[in-house]
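Reader: Hello! I am new to this structure and would love a close look at a single part of it. Could you choose one strand and walk me through its surroundings?

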Amino acid sequence: MGLFDRFKKKGIMLGAPVGGKCINVTEVSDPTFSGEILGKGIAVVPMSGSIKAPAAGEITTAFATGHAVTMTTEEGAELLIHIGIDTVALKGENFSMKVKEGQKVAKGDLLVEADMEKIKAAGYDTSVIMVVCNMDAFPSVKCITGKDVMPGEDVIELGK
């Protein structure tokens, strides 16, 4: 690390919504996500089912099925956090939504509790996907992937 590196301004940092192995969203088995149709981002192969807020902000959608949450961070990033692939088909089974629309959250607040063992046993991929949906507002989206992360650890850096 150079002498002045710590003075460089970092972009807006988003934390991992769950602990586990962090991969690029392009590596997941769902073409809507891997094709970055909804936005750039990451996926975490989770170690637990406690899905947490990656940043401070407001919940914009708390899906009744519990498989997904959208939020807008204080800096204006619109995030989709999606638990598993095709898990909407479970119709809420094995998911417990802990937030409601319009609720303010702090980084690290519990959003959803998911029973990953039961979801996996039902034949679903449990990858937790987080994408930035309003990429026009953040032309620079740097994903920090290919490693194990703890919940809240920096995984995406946004630049305007």
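Author: Happy to. One definition will help us along the way: a salt bridge is a side-chain nitrogen of Lys or Arg within 4 Å of a carboxyl oxygen of Asp or Glu. By this rule the model, which is a predicted one, has four salt bridges. We will come to some of them after meeting the strand itself.

Let us take strand β14, which covers residues 154-159. Is this strand largely enclosed or open? Five of its six residues are buried, so the rest of the structure largely encloses β14. Buried here stands for under 20% relative accessible area.

Now for the partners of β14. Strand β1, made of residues 12-15, runs antiparallel to β14 and is joined to it by four bridges. Within that pairing, isoleucine 12 has leucine 158 of β14 as its bridge partner. Strand β12, residues 140-143, is also antiparallel to β14, and four bridges join the two. Here cysteine 143 is matched with isoleucine 156 of β14. As background, the side chains of a regular strand alternate between the two faces of the sheet.

Leucine 158 turns up again when we look at valine 132, a residue of strand β11 (residues 128-132). With a relative accessible area of 0%, valine 132 counts as buried. Leaving out residues up to four places away in sequence, valine 132 touches Leu158, and also Leu14, Leu38, Gly39, Lys40, Glu78, Leu79 and Phe138. Take leucine 38 from that group: it is 94 residues from valine 132 in sequence, yet their C-alpha atoms are 7.6 Å apart in space.

Next, back to the start of our strand and to the salt bridges. Side chains of opposite charge can pair when their charged atoms come close. Aspartate 154 and lysine 107 form such a salt bridge through their side chains, at 3.8 Å from N to O. Because lysine 107 sits in the loop between β9 (104-105) and β10 (110-114) while aspartate 154 belongs to β14, this pair ties together parts that lie 47 residues apart in sequence. How accessible are the two residues? Aspartate 154 is partly exposed, at 24% relative accessibility, and lysine 107 is partly exposed as well, at 41%.

Another salt bridge involves glutamate 153, whose side chain meets that of lysine 147 at 2.9 Å, N to O. Glutamate 153 is partly exposed, with a relative accessible area of 26%, and lysine 147 is partly exposed at 34%.

The loop of lysine 107 leads on to β10, so a brief look at that strand rounds off the picture. Strand β4 (residues 50-52) pairs with β10 in the antiparallel sense over three bridges, and isoleucine 51 has valine 112 as its bridge partner in β10. Strand β8 also pairs with β10 in the antiparallel sense, over three bridges, with serine 96 opposite glutamate 113 of β10.

To sum up, β14 is a largely enclosed strand, with β1 joined to it by four bridges and β12 likewise by four. Its aspartate 154 reaches out through a salt bridge to lysine 107.

Technical notes
Residues numbered from 1 in each chain as written. Predicted model: local features only at pLDDT ≥ 70, side-chain atom pairs only at ≥ 80, totals over all residues. Heavy atoms only, no water. Buried < 20%, exposed > 50% of the residue type's maximum accessible area, 1.4 Å probe, protein only. Pairing = 2+ DSSP bridges. Contact = heavy atoms within 4.5 Å.
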